[in-house]
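Here's a two-chain model to poke at, question by question. Have a look before reading on.

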Amino acid sequence: MHKTIDQINERIRDGSARVVTAEEMPAIVAELGETGALKEVDVVTTGTFGAMCSSGAFFNFGHADPPIRMERIWLNNVEAYGGLAAVDTYIGATQQSDTREDQYGGAHVMEDLVAGKTIELRASSRGTDCYPRRTITTELLLEDLNQAIMCNPRNAYQRYNAAINTTDRVLHTYMGTLLPNCGNVTFSGSGGLNPISNDPKFRLIGSGVPIFLCGAPGMVIGEGTQHSPAGGFGTLMVTGDMKKMSPDYLAAATMYGYGVTLYVGLGIPLPVLDLDVVRATAVRDEDISVDMIDYGVPSRSRPLIRKVTYAELRSGSVEVNGEIVRTSSLSSYRRARAVAQELADWIKKGSMTLSLPTRPIDATRQVKPMHQTSKGPRVMDIMDRQIVSISESEEIKTAAQKLLKGETNHLPVINGEGTLVGIVTTFDVSKAVANPGKAKLVRDIMKKKVVTTTIDEAVDIAVHKLEKFNISALPVVDAEHHVIGMLTAINLGKLFGGRWLK
Amino acid sequence: MKLLVNFSRGKGRKPIIAQVVRDTGVLINVERAVIDSSEGEALIDVPDDQCQLVRNSMTSLGARVRMLEHGIHFNEQECVDCGACISICPNEVFSFTPDWKLALAEERCVLCGKCIEACPHQALMLPL
Ligand code: SF4
Ligand code: SF4
């Protein structure tokens, strides 16, 4: 047995369609069986509400008198793209305000417009014969714009890796605050309610399909950027009319230490055409697993800690290496449910009918990493290989002499086995000399917590460490924790004028 | 009742909390304390009926005492019920109701401030 899209739309129009949310579907299939569920259910609605950085909107302001060809454009001091026709622009969600930094950004401009607030438009131009005006400043409401079309290049991620932090310091990431020593796990996504997880083969979701976008009717444009469904990371490019959006389903946010983003509510109705659709929409949180990734490692391939399902993540805690660790969702399950529910209500009322894709989305693609023509400098390219180190059992006076002779400000301290156990700086030694006390040996004054780097670490990451810990040198260590070099601010000077800054 | 106590540590370095416990006989629960060489701040919990007694005793020893009637300030309007704060709070102030709405057990809050940065929607603030 199967149903056609026309039959389903007819039922929607005459008000007899049975519409359920993806959360209800597994129980219906369990009760009625697959064939029974196919007979009973016409539409399954899905929903997600979470941070979607790749979001933004096109605006058309209409022409001023005299007219201006806007080249640089700011909305509430957030810069918008000026490379379009005279009074068109695109504002991106993550663009930060020139004056308020991460407290206000493109996402907030969109949120304020949808909430009915006034926005200040400021623009400048060189002036041309046809567009003589050079500057303009005006206040605008959403209703004053000719068009405000949300157009998001990458939304509705099928699933997203969970994050954990094995280092001994707090990390602030786009996955939220990660406590040290595996202190918590963060995750994002609506699991069994996610649109793509209910249609992983993209039989129903494709170009032209109607959707719920931030409370307004919208449409799938096609595959999203970084679409990688082969590995379970499909994405969608979507659009919708901002003028019809609701503040309940669009919320600006600031991830501390990371930046501005937009929380987007998005739902897709799926027509229950055949048994394959029934099976796909019976997916539960238990069936969808993601990788728990160590965000303490700042590289593209971060280590996998374990696999974990959305059901485990949503339970509030998960086991990591024998310990119970609390979880935090970054997306809102409550609002994802509200999206699926409101979308179901629209369809029950007959205000949205369904369509099949006018152009399919490739369900087999795999995303490629960036093609990098130059690798960027590594620590080994610029580090000092001449190392002056000191043993922990030497006297402070010896350290002072070495610092003077070696013309350095940092002495890595090693133990009897030659492994790194601490660091002393000129400051530590001067302090010990100026306030003579009990301290006699290097081990009494050394700092035991040493931030280190390795030869193949990217210089950018080493620099990030120097800045983050407000220090000026990093010992370079090998796998056995032997010091094989030093990286200091002076070495970084080699980058300038060197072959890396072409 | 929670009291926020600020004191400066002069030459004598009197252990003010211990002193008050001895003088009043009230058992004080220290929930949070930051003390450096010159000054200190402690958040203490005392039984409601002995609050005034402890307060007077601390004030007479030169401390500034403020009653904290509220825990973390929660702006429900801004909250999207994500739950980012839940795993951050050391005292399990936050949890979900069965329908995934954020619930607060305000009385457990020790105003450490850790959740404030963790909330992506700026819905949490220290009470004034
Ligand atoms: S201030 Fe500290 S104790 Fe209070 S709710 Fe926030 S994290 Fe929990
Ligand atoms: S982190 Fe903020 S927005 Fe999210 S549930 Fe907690 S208070 Fe609400």
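Buried here means under 20% relative accessible area, exposed means over 50%, and partly exposed is what lies in between. One thing to keep in mind throughout: this is a predicted model.

Q: Is Val339(A) buried or exposed?
A: Val339(A) sits in helix α6 of chain A. Its relative accessibility comes out at 0%. The cut-off for burial is under 20%, so Val339(A) counts as buried.

Q: Which residues of α6(A) are buried along with Val339(A)?
A: We can go along the helix from its start. Tyr333(A), Arg335(A) and Ala336(A) are buried, and so is Val339(A) itself. The others on the list are Ala340(A), Leu343(A), Ala344(A), Trp346(A) and Ile347(A).

Q: What span should helix α6 of chain A have, at 1.5 Å a residue?
A: The helix covers residues 333-349, which makes 17 residues. The expected span is 1.5 Å times one less than the number of residues. The end C-alpha atoms are 24 Å apart, and that agrees with the expected value, 24 Å.

Q: Which residue has a side-chain oxygen close to the backbone nitrogen of Arg335(A), at the start of α6(A)?
A: Look at the start of the helix, where a side-chain oxygen reaches to within 3.1 Å of that nitrogen. A polar contact needs N or O atoms within 3.5 Å. The oxygen belongs to Ser332(A).

Q: What is phi of the residue that follows α6(A)?
A: The helix is followed by Gly350(A). Phi of Gly350(A) is positive, near 85°.

Q: Why does Cys53(A) form no disulfide with Cys214(A)?
A: A disulfide is a covalent bond between the sulfur atoms of two cysteines. The cut-off for the pair of sulfur atoms is within 2.5 Å. Cys214(A) has the closest cysteine sulfur to that of Cys53(A), yet it is too far for a bond, at 14 Å.

Q: How many disulfides does the structure hold over all chains?
A: A pair of cysteine sulfur atoms has to be within 2.5 Å to count. Over all chains, the number of disulfides is zero.

Q: Which of the two is buried, Cys53(A) or Cys109(B)?
A: Cys53(A) has a relative accessible area of 31%, so it is partly exposed. Cys109(B) has 9% relative accessibility. Burial asks for under 20%, so the buried one is Cys109(B).

Q: Are α8(A) and α9(A) parallel or oblique to each other?
A: Helix α8 (residues 396-406) and helix α9 (residues 426-434) of chain A have their axes 10 Å apart. They pack at an angle of about 135°. Angles over 145 degrees count as roughly antiparallel and those from 65 to 115 as roughly perpendicular, so α8(A) and α9(A) are oblique.

Q: Is the crossing of α1(B) and α2(B) left-handed or right-handed?
A: The axes of α1 (residues 16-24) and α2 (residues 51-60) of chain B come within 10 Å and cross at roughly 125°. That angle makes α1(B) oblique to α2(B). For α8(A) and α9(A) the crossing is left-handed, but α1(B) passes α2(B) in a crossing that is right-handed.

Q: Which residue's backbone nitrogen does the side chain of Asn415(A) reach?
A: Asn415(A) is in the loop between β28 (410-414) and β29 (420-425) of chain A. It is buried, with a relative accessible area of 17%. At 2.9 Å, its side chain reaches the backbone nitrogen of Glu417(A).

Q: What is omega of the cis peptide bond that joins Asp65(A) and Pro66(A)?
A: Pro66(A) is in the loop between β4 (56-60) and β5 (72-75) of chain A. The peptide bond joining Asp65(A) to Pro66(A) is cis, with omega about -10°.

Q: Is Asn181(A) buried or exposed?
A: Asn181(A) is in the loop between β15 (176-178) and β16 (185-187) of chain A. Its phi is positive, near 50°, in a residue other than glycine. At 53% relative accessibility, Asn181(A) counts as exposed.

Key: Residues numbered from 1 in each chain as written. Chains lettered and ligands numbered in written order. Predicted model: local features only at pLDDT ≥ 70, side-chain atom pairs only at ≥ 80, totals over all residues. Heavy atoms only, no water. Helix = DSSP H or I, 4+ residues; strand = E, 2+ residues; numbered from the N terminus. Buried < 20%, exposed > 50% of the residue type's maximum accessible area, 1.4 Å probe, protein only. Polar contact = N/O pair within 3.5 Å; in protein donor to acceptor, adjacent residues only side chain to side chain. Axes fitted to C-alpha atoms, helices over the stretch in contact; angles between N-to-C directions. Parallel < 35°, antiparallel > 145°, perpendicular 65-115°, else oblique. Left-handed = near helix turned anticlockwise from the far one by under 90°.
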